[in-house]
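User: Hi! I work at the bench and would like to learn how to read a structure one feature at a time. Could we walk through one together?

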Amino acid sequence: MSGNSIILECSEQGKNTFTRTEPGDYLCTVPPQLIEKGDVIELKSAFIDSVSSSSGKCNIPPQVLGGDTATISLTFGYYAVDHDGSQEGTNTSKTYLDFDGQPTNHPNGKTYALNQFTSGTPSADAKKIVQFKVPFKTGTKGQVVNGRKNCYILVLAMLKQASESPEDPNIFTYRLVFDAGFNNIPKYLDANGLMTFSDALVADMLKDNFIVQPPSGTISQNLTGYTNTPSINKLFPPSANKLPFSHGGTLGFGNVTNITIEDFGGNEVLNSLYKKTISFPIIAKAYDPHDLAELITDKCTNVLLNGALPADAFTISQNPILTTARTLRNDPLFNGQPAEFFNATQGKFNYNTTQAGADPDYFIGSSQFGLVYDDITDTFKFSVIHSSLYSIDPAEKTPAPLVQILSDGTGGKILLNKSGGIFFTALNPPEIWLGKDSVFKFDSSIQVSSIPQSFEPGGGQPKVNFESVNLQDGTNITGDLQGLDSLVQKQAIAPDAGSSPNGKGFDIVPSLPFATAVTLTNSINAGNGFTSNREAFFKLEIKLPNIRQKVFLNHLPPTLEGFHGDTTINTDIQAIIGRYYSANNFTSCYNEGSIPYVYNEDEPTILSEVQIRILDPDGSVAEGLGNKNTIFLQIQKNTNNI
């Protein structure tokens, strides 16, 4: 500061700073400054935290504004392919229950999703909620959630047990976020403005990318301890409903209006998709894409050993994405029963293994997790979240994955390239994982939504309810890609008499299983071009909200005739900042090319706030910015005022 100059620092991470919507749009409170006629307020210098927008890096924003960490979570389920067991002993490896009308040949190469028991043997008065209705208030204004505008939030707490209270921490919670900016909410409303929630509806909405944060479970919940049909207020206490994300007020939805309860007693068995979540914090900063992919890969395959292994060494691995049939059987969710895998059309199977027996155990899930970044295509991809098939021949020395051809039971053939793996049901925060504006740019189809199913085994057995998934290589699961050349042996074949003399052809498929020397991975690829922001410059807009002065349009004062009588209000300082001056994740500039602000009112005023917006050329807040932006303003005092 000199006698006629004052420097103000406006940092986005300052203690008196409020970020309005996203990095690059913030309001600073500065020490009060007296502004008098003739004083000039201008840009001194700017340092823009341009991270991914100019440096080719991935910006991971903090979970909380002003924080320094972000929590990454991946929720996944297990699937198994019906193939020869990973170990085959004298005992049959699997027990099957086929649907009526389906081929019963096994192995059949189909994928089966692991379900858990939602209930054991239901009591005679057991009940199940089938659906409930909630009114949507179309006049309610949406809010911004995780950077997405016009969102409506529904948080409902349901008491599944008669002994529960709304204060219990383990009550079942629906936490749904609806994005009206991307989806048509009225599509799901009836004539009375009610939205009817059921498992089928939620599955449809997930397919439409409608729900940002799915509910923690299924709508069809088993109710216990209710001798009579519970009322709405008992299942959905008013004090626990209508709670938005911020835990205050109402956004878009009212109370549950009615419910449909099914009294199924001992006539049904409930199962639901078995899911696990890996969650971990990482430092919120700009990452090299290779480093970020490696970091998340390491976090998802860390061995999580806590204390000594159990005496019964059924725990082969504590890798969170790999388990075994015996490990699951020891899980309280399965109550000592074999874990069951379901297919929407085929039926179910389970591995024959005991909690502590001499019979074979079986790997479930994947021993590898691969999130990688490909420089050539500029994309992230999940390269491995499956377990390959390997030879069970003890003389086999080649560790290459196998490819097998199985019969589908109807005369067709199935190419089998894996034994099983995992699939994702939720990747959070979604703004990091999903969509063209995210860091990784994965399509939302990578998240698998479960589909409620049921079947009647017959013979007086109870109806079985379960959840299935639709899995596709390269969309939501990975596999080993085997080209056709891997299944044949090329060689010259002597021509038959009277045929073409060229004599070139292919031999028949060799004996199976056939191990290939070269294996390609059928990966899940994200959208390419994460460094797509190639704009040449930023626009810098600085407003002084509490300083107002009139300026004349056309640079001429008003006349009595009204030829130039209009005036407007000027509170802006503007500048254009070339991205050429970029180094160490920051773009810097000085006052060249900026438009200063000159105060011309007779009465002095006080400057106490500065609003800053860093914009792309189209006028929107620049994408890919960090929150360490700093702008320096200079107040040049009029010498007559000193």
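User: Let me start with contacts. Leaving aside its neighbours within four places in sequence, which residues is F632 in contact with?

Analyst: Happy to help, and please keep in mind that this is a predicted model. Beyond its neighbours within four places in sequence, F632 touches I7, L8 and E9, and also E42, L43, K44, S45 and F47. F632 itself lies in strand β45, which covers residues 630-636. Take I7 as an example: 625 residues separate I7 from F632 along the chain, yet their C-alpha atoms are 6.7 Å apart.

User: How should I class the accessibility of F632: buried, partly exposed or exposed?

Analyst: Look at the relative accessible area. Under 20% is buried and over 50% is exposed, with partly exposed in between. F632 has a value of 21%, so F632 counts as partly exposed.

User: Now to strands. Which residues of β20 lie on each side, and are they buried or exposed?

Analyst: Strand β20 runs over residues 340-343, with E340 and F342 on one side and F341 and N343 on the other. All four are buried, so both faces of the strand are covered.

User: Which strands pair with β20, and in what sense?

Analyst: One partner is β8 (residues 111-117), which pairs with β20 in the antiparallel sense over 3 bridges. Within that pairing, N115 has E340 as its bridge partner. Another partner is β21 (residues 347-351), again antiparallel, over 4 bridges. There, F342 is bridged to K348. A hairpin of 3 residues makes the connection from β20 to β21.

User: Let's turn to charges. How many salt bridges does a search of the whole structure find?

Analyst: The general idea comes first: side chains of opposite charge can pair when their charged atoms come close. In this structure, the search finds 9 salt bridges. One of them joins the side chains of K37 and D602, with 2.9 Å from N to O. K37 sits in the loop between β3 (25-35) and β4 (40-49), and D602 in the loop between β43 (597-598) and β44 (605-615), so the salt bridge ties together parts that are 565 residues apart in sequence.

User: How accessible are K37 and D602?

Analyst: K37 has 41% relative accessibility and counts as partly exposed. D602, at 62%, counts as exposed.

User: Which residue does D39 form a salt bridge with?

Analyst: D39 pairs with K637, and their closest N and O atoms are 2.7 Å apart. This pair also links distant parts of the chain: D39 is in the loop between β3 and β4, while K637 is in the segment after β45, 598 residues away. Both D39 and K637 are buried.

User: What about K94: which residue is its salt-bridge partner?

Analyst: The partner of K94 is D82, with 3.9 Å between the closest N and O atoms. K94 lies in strand β7 (residues 94-98) and D82 in the loop between β6 (69-81) and β7, so this pair ties together parts that are 12 residues apart in sequence. K94 is buried at 5% relative accessibility, and D82 is buried at 0%. K94 also lies over the face of F349, at 5.9 Å from the ring centre. A similar feature to look up is K285, which lies over the face of Y287 at 5.0 Å from the ring centre.

User: Which residues are linked in a network of salt bridges?

Analyst: That network is made of D25, E541 and R613.

User: Last topic, the rings. How many aromatic pairs does the structure hold?

Analyst: A pair of aromatic rings is described by the distance of the centres and the angle of the planes. The structure holds 27 aromatic pairs. In one of them, the ring centres of Y351 and Y362 are 4.7 Å apart and the planes are at 20 degrees, so the pair is stacked. Y351 lies in strand β21 and Y362 in the loop between β21 and β22 (363-365). Both Y351 and Y362 are buried.

User: And how are the rings of W433 and F442 arranged?

Analyst: Their pair is tilted, with 6.4 Å from centre to centre and 35 degrees between the planes. Both W433 and F442 are buried. They also belong to one aromatic cluster together with F369, Y373, F380, F382, F424 and F440.

Note on methods:
Residues are numbered from 1 along each chain as its sequence is written. This is a predicted model: local features need pLDDT of at least 70, side-chain atom pairs count only at pLDDT 80 or more; totals for chains, interfaces and linings use all residues. Side-chain values use heavy atoms; hydrogens and water are left out. Buried means under 20% relative accessible area, exposed over 50%, partly exposed in between (1.4 Å probe, protein chains only). Helices (H or I, at least four residues) and strands (E, at least two) are DSSP runs, numbered from the N terminus. Two strands pair if DSSP finds at least two bridges between them. Contact means heavy atoms within 4.5 Å. A salt bridge is a side-chain nitrogen of Lys or Arg within 4 Å of a carboxyl oxygen of Asp or Glu. Rings of Phe, Tyr and Trp (its six-membered ring) pair if their centres lie within 6.5 Å; planes under 30 degrees apart count as stacked, over 60 as edge-to-face and the rest as tilted. A charge sits over a ring if NZ of Lys or CZ of Arg is within 6 Å of the ring centre and within 35 degrees of the ring normal.
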